[in-house]
Amino acid sequence: MDSPVTRRPTSAPDVAITAVLFDLDDTLFDHRACTHAALEDLRGRFPELGRLPAAEVEAEHRRLLEALHLHVLAGRMTVDDARVERFRQLLVFAGEAADAAMAAEAAAVYRAAYVAHWRPVEGALELLAAVHGRAAIGVVTNNVAAEQRQKIAACGFGPFLDAVVISEEAGVTKPDPRIFRAALDRLGRTPDETVMIGDAWDTDIAGARAAGIRPVWFNRVGEESPDPSVTVVRSLVPASAVLSVLFPNPESRIPNPGEP
């Protein structure tokens, strides 16, 4: 079996790592798997979508989601309105003359299936448990607050988290370094004693670097790295292998509550 760590720095940082920041979607929460399952349900309900290759539908859905999500983050659309518009455009893409009612039906079918398939990324809970007590843990995520907090609760992440910073509440989105600094402030940590692990290069990796935080790229789909100097983790399993990347310094840990 290949190692989950495909690349790591040649030297460990001098400062002990006492905080770990995680992205949420497709780092801890398996958005990719939930989306795939929900789109399969949708393709079974709408013949025009079902006639297209699944990969083509997923690629167009991803493009629409990313484009419309920017409007949600900017406050120009509600989540519900953006979801309906996403599926109106997806149905049109498939050759369906979609009216408002059909788009709303497709959005409802997708949403129900998406929520029904909510689950953690494989190994996420075990990794959080392994990090818990050794370092402060924070989540830094772009999305509306209610959605992200529901995912955290549904997946059982809450007991392991010391801080949750969500773009809607913070007023800034990744890769803006201010959202990372907000997490550091809540945890009482500095950038040099913190590491950030996330799947999205443009937001997680670039943002962490801009904030002075060492990034670890969670690249489970095998994309080419824009910068070979950044540590790459392909899986969260086993947790011990990921811990060796997050904590190159074996002395890294936070004191137990009872210690002086």
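In this predicted model, the buried residues of helix 11 are Ala239, Ala241, Val242, Leu243, Val245 and Leu246. Helix 11 spans residues 239–246, and because six of its eight residues are buried, it is largely enclosed by the rest of the structure.

A second buried position is found in helix 10, which covers residues 201–210 and includes Trp201. The relative accessible area of Trp201 is 15%, and Trp201 therefore counts as buried, the limit being under 20%. Which residues does Trp201 contact, once its neighbours within four places in sequence are left aside? They are Ala206, Arg209, Trp217, Ser225, Pro226, Asp227 and Val230. Arg134, by comparison, is separated from Trp201 by 67 residues in sequence, and the C-alpha atoms of the two residues are 26 Å apart in space.

The packing of two further helices can be followed at residue level. Helix 1 (residues 31–45) packs with helix 3 (residues 54–73) at an angle of about 115°, and the axes of the two helices are 11 Å apart. The crossing in which helix 1 passes helix 3 is right-handed. On the side of helix 1, the contact is made by His31, Thr35, His36, Leu39, Glu40 and Arg43. Helix 3 contributes Ala54, Val57, Glu58, His61 and Leu65. As to chemical character, the residues of this contact between helix 1 and helix 3 comprise four nonpolar, four polar and three charged. Leu39 of helix 1 and Leu65 of helix 3 are among the residues that make the contact, as are Glu40 of helix 1 and Glu58 of helix 3.

Notes. Residues numbered from 1 in each chain as written. Predicted model: local features only at pLDDT ≥ 70, side-chain atom pairs only at ≥ 80, totals over all residues. Heavy atoms only, no water. Helix = DSSP H or I, 4+ residues; strand = E, 2+ residues; numbered from the N terminus. Buried < 20%, exposed > 50% of the residue type's maximum accessible area, 1.4 Å probe, protein only. Contact = heavy atoms within 4.5 Å. Axes fitted to C-alpha atoms, helices over the stretch in contact; angles between N-to-C directions. Left-handed = near helix turned anticlockwise from the far one by under 90°. Nonpolar A, V, L, I, M, F, W, Y, C, P; charged D, E, K, R; others polar.
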